[in-house]
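Grab a pencil and try these short exercises on the structure below. Each one comes with a worked solution, so have a go before you read on.

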Amino acid sequence: MTVLNRPMSGKPADPTDTVAVRVVGVQKIFDTKRGRHEALKSIDLEITDGEFLTILGPSGCGKTTLLRILAGFETPTKGDLLLDGKSLTNVPPNKRPMAMVFQSYALFPHMTVAENIAYGLKIAKISKAEIKERTDVVLSIMDLVGLGDRLPTQLSGGQQQRVALARAVVVRPRVLLFDEPLSNLDARLRDQMRSELRRIQRQLGVTSVYVTHDQSEAMAMSDRIVVMSEGHIEQVGTPSEIYRQPTSLFVADFIGKANVLTTSVASQSNGTLTLNILDTQIQLPDPGLSSSEITTVLRPEDVNVSRHPSPNDHVPRNESGILEVAGWLRGVEYLGSSTHLTIELLDGTLLAAVEQHTALRGPQDLPEEGAGVVVSMPIAAFRAVSAEERLLV
Amino acid sequence: MTTNQHKSAPSSPLQPLRRLAGSIKAQGSFGVAIAVALLIVGGFVIYPTIRIIARSLGVKGLEQWTELLSSGTTLSVLRNTVVLGVLSGLLGTFAGLVMALVQVRTKFRFKRTLHIISLLPVISPPFAVSMSILSLFGRSGLISKDLFGVRYDISGLDGLLLALSISFMPVAYLNFVGMLQSFDGALEEAANDLGGSLVHRFRTIVIPLLAPGIANSFLLIFVSAIADLGNPIVLGGSNFEVLSTGIYLAIVGEFNQPKAAVFSVMLLLPSLLIFAAQYFWLNKKQYVTITGKPVGTPKPVEQRNVLIPLYTIALVITAAIVMIYGYIVVGAFTQVWNIDFTPTLENFIGAMNGASREAMLDTLKLAAISTPLAAFSGLVIAFVITQREFKGRGLLDFASVLGVAVPGIIIGVGLLLAYNAPLFGGLIPKLQGTATILVLAFTVRALPGVVRVAVGALNQLSKNLEEASISLGATPAQTFRKIILPLIRPALFSSLIWSFARSMTSLSPIILLVTPEWRIFTERILNDAQQGRYGDAAAKSMVLVTVILIAIGFLSLVTGFKVSNDDSSFAK
Ligand SMILES: Nc1ncnc2c1ncn2[C@@H]1O[C@H](COP(=O)(O)OP(=O)(O)OP(=O)(O)O)[C@@H](O)[C@H]1O
Ligand SMILES: [Mg+2]
């Protein structure tokens with residue numbers, strides 16, 4: 001195994017520089033008893049050196065398959081992988097400078113913590129003294145000092161998790177691969193490990209590919225997120241790009257909450273879309289979608305609600321960048337820091353809104369359930385997306 | 001789903017073989033191991049079986065078919081075989097279930113003793129039970145004649161039923177112990193909370209959950225019972241012939257190989273059918289359930305109306321086992337069994353000297369070769385079956401356990417037919433009469449058990465462990481050595497023991513293959529028994545069991561392992 005002689009405390013993640021891994025047209029077909037299943041359709045992806053890249057998507061979308069192809073445990077049916085420009089096609093998994101952290105941790109039960117961590121180094125025939133030194137360093141980084149002689153069964157879930165990570169980073173892999181490593185931990189520990197893991201990754205500067213189906217994990221940890229669905233990539237971007245500028249209904253809906261508004265295209269010219277929406281018209285920058293499949297999405301926190309005595313008399317208005325429509329408040333759900341509101345517009349459309357609370361503006365300042373309301377929404381908050389993908393729950 | 005299929009038309013009949021060879025090559029260092037495994041199974045299980053079938057369909061074979069199928073004797077042989085199989089299956093399963101229930105679900109004080117008694121038949125030579133039964137209940141039996149003064153002769157169906165149910169009871173026992181222990185107690189508690197009575201609970205929860213185990217045990221005992229040879233030879237008497245004895249007599253008495261082949265096919269058919277049914281339906285479900293840790297332990301049964309019948313039946317079974325085995329010891333240490341009870345060591349002196357000593361040494365030598373061979377190839381096959389994807393994997397899996405389904409006597413006949421002349425223009429010499437063929441018979445016989453044990457152990461290893469090792473830079477071979485092997489060592493140890501005990505005690509596969517140069521100990525015991533020298537036979541049986549126990553002790557000293565409490569590995 002190529003153990004890269006990179007200093008352990010490396011450079012900070014700098015997602016602007018070179019490409020570490022290039023995935024080119026990777027397709028994976030599984031031959032099963034019930035026929036052929038195309039788990040990956042044709043994946044193209046560039047993983048930047050030192051970045052923390054998350055692959056996010058619902059269960060069964062092919063995340064693990066993609067990760068296992070990177071590791072070499074599965075062979076792609078088609079396509080190629082390049083690591084620092086060199087093809088990995090004929091490189092067996094044990095010769096790839098990648099280390100994987102498994103959901104089940106996969107600690108060797110017959111070895112102590114120290115032996116587990118030293119395993120990869122022994123295989124690489126590193127000298128005893130260096131093994132000792134590197135193991136000690138990793139034990140202290142991972143906050144495992146004093147646990148070296150324990151067996152994995154004598155550790156808590158969080159400790160086992162850290163040993164699994166230690167065992168992977170100690171060989172100084174070029175790329176670290178994670179398959180839902182936190183999903184076996186309880187919620188509190190998960191949050192703690194999340195920032196721990198990110199800290200260590202930053203400290204080591206190692207390129208990391210992290211698979212999860214938990215969107216908040218992805219948002220919190222990643223430099224970039226790859227959203228996958230049914231074997232293909234929906235969108236790649238930074239967490240805020242993915243949240244604020246989803247390109248498809250699927251992404252908008254999978255990441256956070258979104259109001260989906262039925263729209264028809266009135267005109268499309270010079271990069272501007274004019275859309276018929278809620279009995280009025282708005283103009284949005286054209287993301288370059290073909291007209292037949294456009295829907296508009298709006299985040300609940302961009303919907304402002306205020307009382308209105310007679311919503312039936314209200315005429316929808318589009319003035320100074322704000323769209324105003326009237327309706328009735330149908331649901332109020334108080335959650336402490338915020339309240340979730342459900343509004344039924346006059347045309348029957350249901351709209352979700354979130355009101356954040358502060359000491360000065362609490363739930364008592366909101367209209368009561370059943371009240372007439374008017375909602376105002378900044379036009380800039382609307383986002384036209386491709387409606388091609390069906391909504392998944 | 002759009003996929004471009006690359007289908008290549010099979011250009012020659014050799015195409016599948018070539019593809020198989022290709023996929024073996026792609027496996028690298030494991031390819032060789034796979035090839036060896038395929039060779040053992042193909043050459044010494046499948047090929048001999050095919051030779052038998054071919055022989056039975058030859059001109060003389062077809063004559064035999066018409067002749068045998070129209071004769072009343074054959075029909076009664078067939079009927080005897082089926083009746084014996086079905087009744088032994090029922091009785092053995094029932095006895096095993098009762099013993100397992102007492103073991104797992106009660107607070108019985110001497111469980112450990114009971115466990116050992118229940119497993120006693122596993123290591124006894126195949127027909128020692130029959131000799132003892134004959135001496136106790138035969139025409140001039142100790143109990144039947146001397147105690148009750150009846151002229152009852154147990155030989156025939158009655159005796160065989162008793163002998164076979166006791167001999168194969170451990171199969172069912174271990175099966176049920178495993179199942180009952182892995183029961184989710186929570187399920188039963190839930191039923192209890194819903195107000196079900198104990199009997200109701202048993203009928204609605206326990207029995208349906210045990211149903212696969214009952215079916216499995218019954219079928220296993222059925223197959224083992226119809227394949228058994230030693231007991232029918234000793235206990236069958238002149239008027240209770242079964243297929244296995246028919247085959248044996250056809251070869252050694254009538255020198256009629258076509259007849260043996262036809263009988264073999266008759267015996268093979270039900271065995272293979274049942275095996276296939278089990279392989280494809282029953283076994284599938286089991287691996288899934290075994291792995292999970294039980295969520296709650298079921299409460300011991302305390303109701304007297306259940307305990308009393310349960311204990312009574314268990315007591316009867318235990319008494320029978322103790323009496324039958326105890327009487328072997330009596331026979332071994334007395335002058336003439338049943339007649340002259342003067343204590344003596346003569347039988348043992350005979351058993352440990354002369355021809356008997358030769359036979360023991362020969363058997364040990366052969367088993368010393370076949371045991372590691374079976375353990376190693378079984379391990380490799382199991383590894384390949386569980387860890388590797390390659391074409392022909394399913395076939396290897398099926399074939400490696402096929403050895404269980406093929407009755408021992410048929411393996412013997414098959415090896416005899418297949419290797420009685422040089423093959424491939426002398427490339428493979430005539431094996432008949434050599435030690436090689438005996439070693440091979442031992443090996444293929446022990447192989448399925450080893451494969452089963454190892455597959456079970458490997459299935460409990462998460463595939464991620466192997467992948468974690470590889471991802472840290474270890475080659476597959478290093479991973480096997482450093483991760484997999486240490487983790488399955490206990491299983492490996494059980495399989496070594498299993499394969500050794502199996503080799504030392506097996507009779508039917510080798511009885512047709514022994515030669516004056518290579519004597520087998522069990523065959524010597526049978527010889528004594530056939531000539532009425534029961535004292536000698538009993539002493540030899542005890543020597544055999546002692547040697548096995550010493551060897552197990554020695555093995556555990558060498559490998560540093562204890563024989564585990566739950567020897568579920570011995571099942572089957
Ligand atoms: N070895 C295999 N044989 C056949 N089909 C497979 C195999 N591995 C995965 N698949 C199928 O490929 C698809 C993608 O599986 P994958 O494990 O990559 O999903 P995932 O995105 O990781 O899901 P999860 O979040 O549930 O782990 C699934 O439909 C799965 O059933
Ligand atoms: Mg997955």
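**Exercise 1.** Work out the handedness of the crossing of α5(B) and α14(B), and decide how the two helices lie relative to each other.

*Solution.* Keep in mind that this is a predicted model.
- Step 1: look at the crossing of α5(B) and α14(B), and you'll find that it is left-handed.
- Step 2: check the axes of α5(B), residues 111-123, and α14(B), residues 304-333, which come within 10 Å and cross at roughly 60°.
- Step 3: angles under 35 degrees count as roughly parallel, and 65 to 115 as roughly perpendicular. α5(B) and α14(B) are therefore oblique to each other.

**Exercise 2.** Now do the job for α2(A) and α4(A): describe how they pack.

*Solution.*
- Step 1: α2(A) covers residues 113-123 and α4(A) residues 157-169; their axes are 7 Å apart, at an angle of about 30°.
- Step 2: since the cut-off for roughly parallel is under 35 degrees, α2(A) and α4(A) are roughly parallel to each other.
- Step 3: the crossing of these two helices is right-handed.

**Exercise 3.** Is helix α20(B) largely enclosed or open?

*Solution.*
- Step 1: buried means under 20% relative accessible area.
- Step 2: eight of the nine residues of α20(B), residues 463-471, are buried, so this helix is largely enclosed by the rest of the structure. Among them are Leu465(B), Ala468(B) and Ile470(B).
- Step 3: peek just past the helix, where Gly473(B) has a positive phi of about 110°.

How values were computed
Residues are numbered from 1 along each chain as its sequence is written. Chains are lettered from A and ligands numbered from 1 in the order in which they are written. This is a predicted model: local features need pLDDT of at least 70, side-chain atom pairs count only at pLDDT 80 or more; totals for chains, interfaces and linings use all residues. Side-chain values use heavy atoms; hydrogens and water are left out. Axes are lines fitted to C-alpha atoms, for helices over the stretch in contact, and angles run from 0 to 180 degrees between N-to-C directions. Helices (H or I, at least four residues) and strands (E, at least two) are DSSP runs, numbered from the N terminus. Angles under 35 degrees count as roughly parallel, over 145 as roughly antiparallel, 65 to 115 as roughly perpendicular and the rest as oblique. A crossing is left-handed if the near helix is turned anticlockwise from the far one by less than a right angle, and right-handed if clockwise. Buried means under 20% relative accessible area, exposed over 50%, partly exposed in between (1.4 Å probe, protein chains only).
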